[in-house]
Amino acid sequence: MGKQKSLTLREKAAYGIGAVGKDMVYMLSASYILYYFQDIMGVNTIAMGIILLVARVFDAFNDPIMGVVVAKTKTRWGKFRPWLMIGTITNAVLLVLMFSAPPSLDGGGLIAYAAITYILWGVTYTMMDIPYWSMVPAFTKSGREREGLSALARSCAGVGSALITIVTVVAVATIGGKFDANSTDAITKTFDPSNTQFTAYMIERDENGNPTENKTSLVNADIKVSVTGVARAFEGNIDEATGDPYVAFTNSNTDYTLAFGDAINVKKEDGNNAIEFAMDSVDSGVAALALYFDHDTFYRAMLCSNLTLNLDMHSTLEVERLGFKWFSVAVGVLFILFILITCICIKEKSTVDVRTPGVGEMFKALIRNDQAMTIVITIVLVNTALYITSNLLIYFFKYDLGGANWQGDYTLFNTFVGGMQILAMMIMFPLLRKVFTTLKVFYICAVAEIVGYFVLLAMALSGMTNVFVFFVPGFLIMSGVGILNVIVTVFLANTVDYGELKNNHRDESVIFSMQTFVVKLASGLAALVASICLTVFNIQSDGVLNYTALVDKMDNVGNMATIGDESVVGLRLVMTLGPTVLLIIAVLIFRAKYILTDQKLMEIAKELSSRKGEGEES
């Protein structure tokens with residue numbers, strides 16, 4: 001056999017683009033599946049947390065099975081590429097099914113749908129993920145080329161994750177809005193207050209969006225209210241205290257226009273304006289309406305004579321559901337296209353044995369290798385901290401910072417921090433590595449993340465709402481995350497040589513298989529923590545009030561938060577202090593247990609080289 005050639009730029013690019021598509025799919029699932037099923041479809045939050053955790057643990061047992069299947073595969077296209085394409089296509093289909101839950105399902109049926117599609121999605125992701133990483137030795141030379149390609153793929157995976165983080169919310173709103181607007185199922189219901197029991201108030205809001213005590217009854221106004229939406233928009237909610245049904249529309253679930261005669265026109269996106277409209281049921285029409293206006297609009301309306309008011313609402317209930325469905329189709333298509341490019345451009349140049357270790361073998365390897373155990377625990381803690389934040393961040397922007405443009409602010413923030421993560425991996429890490437050892441870079445990044453979380457907490461508790469000020473903690477946290485993702489991979493590689501020196505046994509495949517497992521475990525644990533947070537602090541999907549509660553609120557105007565004050569504080573603490581505690585524990589464990597300094601690694605390499613030399617002589 002001739003000497004194997006080095007990889008071409010075309011081959012490297014093709015392998016990297018596969019990683020982009022692969023992690024686009026993974027990030028869409030990891031960051032938004034809880035939000036989709038809990039906030040949009042109404043699945044019980046704790047049930048979703050348990051489903052996500054169980055699925056991730058199940059993956060740990062699925063990985064070695066898939067490794068055996070790949071190892072036994074023999075085709076004219078090799079053993080890796082067939083499963084890479086099969087896994088990609090089936091995973092893309094499952095992704096679309098997962099984000100296309102039938103709106104007719106509810107209760108146990110919806111939980112069962114979520115569980116089945118998510119677990120099957122995890123199985124098919126493993127079907128693709130195992131051959132993707134296992135095929136590296138089959139088309140690379142050993143040593144630096146293999147390590148360089150793996151590092152490139154990890155960086156490209158970070159790009160895929162960042163892209164999903166940046167575009168998802170706005171893409172979902174845009175795509176969903178177009179499909180919802182073209183829906184033929186929409187119906188319009190009109191409510192005439194003159195024929196119903198109706199309570200209506202107009203309330204002034206200050207520059208921070210909080211209601212003042214200035215309010216006026218609209219009892220003598222000529223008011224007409226109409227709502228357009230699919231039938232599901234009028235099915236309403238159930239009051240947990242009384243068991244009575246109610247229907248409610250607010251800024252969070254409608255677009256609207258409001259006109260005071262010919263003098264004043266108000267849209268949802270105008271200033272600090274907001275609406276709340278609630279009925280005890282669609283049929284009876286017993287209703288309450290609260291209009292929250294900024295100072296100028298409030299006093300202009302007060303000066304209107306013969307006040308007439310027309311409120312036209314369009315339910316956005318279906319926008320996010322349809323948006324996620326068709327956005328998942330787009331991501332799935334790109335995923336298949338990117339992996340197809342990988343399979344066409346990459347060909348196996350040698351035969352390699354694929355052996356994916358079982359769970360028991362993984363734990364045996366960890367017990368034998370205390371340094372690998374230290375890094376695995378560190379990875380679990382660091383990634384759990386990150387995923388807790390990523391799972392709760394959308395709720396923070398939607399319900400805490402709020403505002404009509406919360407989606408734009410969320411996207412702007414994610415664009416910045418996603419860019420910082422990519423730059424940190426590709427530019428900042430090499431620069432820092434020229435000045436500091438890898439160990440010092442680890443501590444610098446960990447401290448930067450911890451400081452970032454404290455700054456984020458301080459800003460959130462102080463009531464800041466300007467998205468640009470949150471760029472500061474975002475930079476500290478996500479730059480640290482980007483670099484730490486690279487560093488822990490390097491540290492994990494270091495433990496392989498250490499294990500060989502200590503145990504006279506090289507557990508390379510076992511150690512590297514742990515990285516995929518622990519990241520999945522971290523995402524499952526984080527999802528469970530996030531779901532408990534959403535349940536305990538009663539962070540509701542729509543932040544709507546029933547008829548009675550809305551009347552009481554207008555009689556006692558107070559701070560109009562999208563969710564209650566206790567819920568706001570709880571959300572802030574869990575998404576900041578929770579990750580901070582995990583990071584501090586990770587640093588303390590790492591500092592106490594990790595001993596593989598650059599000098600120690602040189603000694604290990606020298607000793608291993610000496611052993612191999614002795615073995616060859618004998």
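Colleague: Asp 370: buried, exposed or partly exposed?
Modeller: Partly exposed. The model is predicted, and in it Asp 370 has 30% relative accessibility. The cut-offs are under 20% for buried and over 50% for exposed, so Asp 370 falls in between.

Colleague: Which side chain meets Asp 370 in a salt bridge?
Modeller: Lys 502. The N to O distance is 3.1 Å. Lys 502 is also partly exposed, with a relative accessible area of 45%.

Colleague: Which helices hold Asp 370 and Lys 502?
Modeller: Asp 370 is in helix H10 and Lys 502 in helix H13. The two parts are 132 residues apart in sequence, so the pair ties them together.

Colleague: How many salt bridges does a search of the whole structure find?
Modeller: Eight. Another of them joins Glu 320 and Lys 398, at 3.7 Å, N to O. Glu 320 lies in helix H8 (residues 317-345) and Lys 398 in helix H10 (residues 370-401), so that pair ties together parts 78 residues apart in sequence.

Colleague: Is Glu 320 buried or exposed? And Lys 398, buried or exposed?
Modeller: Glu 320 is buried, with a relative accessible area of 16%. Lys 398 is buried too, with 8%.

Colleague: What about Lys 22 and Asp 23?
Modeller: Their side chains meet in a salt bridge at 3.5 Å, N to O. Both residues are buried. Asp 129 comes in as well: salt bridges that share partners join Lys 22, Asp 23 and Asp 129 into one network.

Colleague: Switching to rings. How many aromatic pairs are there in the whole structure?
Modeller: The search finds 31. One of them is Phe 396 with Phe 397. Their ring centres are 5.8 Å apart and their planes are at 85 degrees, so the pair is edge-to-face. Phe 396 and Phe 397 are both buried.

Colleague: How is the pair of Phe 442 and Phe 491 arranged?
Modeller: Tilted. The centres are 5.9 Å apart, and the planes are at 55 degrees, so the pair is classed that way. Phe 442 lies in helix H12 (residues 438-461) and Phe 491 in helix H13 (residues 471-503). The pair therefore ties together parts that are 49 residues apart in sequence. Both rings belong to buried residues.

Colleague: What is the relative accessible area of Phe 442?
Modeller: Just 1%, so Phe 442 counts as buried.

Colleague: And which residues is Phe 442 in contact with, leaving aside neighbours within four places?
Modeller: Thr 378, Leu 484, Ile 487, Phe 491 and Phe 590. Val 587 is worth a look as well. Its C-alpha is 9.0 Å from that of Phe 442, with their positions 145 residues apart in sequence.

Colleague: Back to Phe 396 and Phe 397. Which residues do ring pairs link into a cluster with them?
Modeller: Tyr 410, Phe 413, Phe 416, Phe 468, Phe 470 and Phe 471.

Colleague: Where do Lys 189 and Arg 591 lie?
Modeller: Each lies over a ring face. Lys 189 is over Phe 234, at 5.5 Å from the ring centre. Arg 591 is over Tyr 443, at 5.9 Å from the ring centre.

Colleague: Now the surface. Which residues form the nonpolar patch?
Modeller: Phe 454, Leu 461, Val 569, Leu 573 and Leu 577. Together they have about 390 Å² of accessible area.

Colleague: Which helix gives the most to the nonpolar patch?
Modeller: H16, with three residues. H12 and helix H16 (565-593) each supply at least two.

Colleague: Where is Leu 461?
Modeller: In helix H12. At 46% relative accessibility, Leu 461 is partly exposed.

Colleague: Zooming out, how many helices and strands does the chain have?
Modeller: There are 17 helices and eleven strands.

Colleague: What share of the residues is buried?
Modeller: Buried residues make up 54% of the 618 in the chain. The accessible surface comes to about 26,800 Å², and 60% of that belongs to carbon and sulfur atoms.

Colleague: And what share of the contacts is between residues 24 or more positions apart?
Modeller: Among contacts with a separation of 6 or more, 82%.

Note on methods: Residues numbered from 1 in each chain as written. Predicted model: local features only at pLDDT ≥ 70, side-chain atom pairs only at ≥ 80, totals over all residues. Heavy atoms only, no water. Phe/Tyr/Trp six-rings, centres within 6.5 Å; stacked < 30°, edge-to-face > 60°. Buried < 20%, exposed > 50% of the residue type's maximum accessible area, 1.4 Å probe, protein only. Helix = DSSP H or I, 4+ residues; strand = E, 2+ residues; numbered from the N terminus. Lys NZ or Arg CZ within 6 Å of the ring centre and 35° of its normal. Patch = residues over 30% accessible without salt bridge, like charges linked within 9 Å, V, L, I, M, F, W, Y side chains within 5 Å. Areas by Shrake-Rupley, 256 points an atom, 1.4 Å probe, with all protein chains shown as cover. Salt bridge = Lys/Arg side-chain N within 4 Å of Asp/Glu carboxyl O. Contact = heavy atoms within 4.5 Å.
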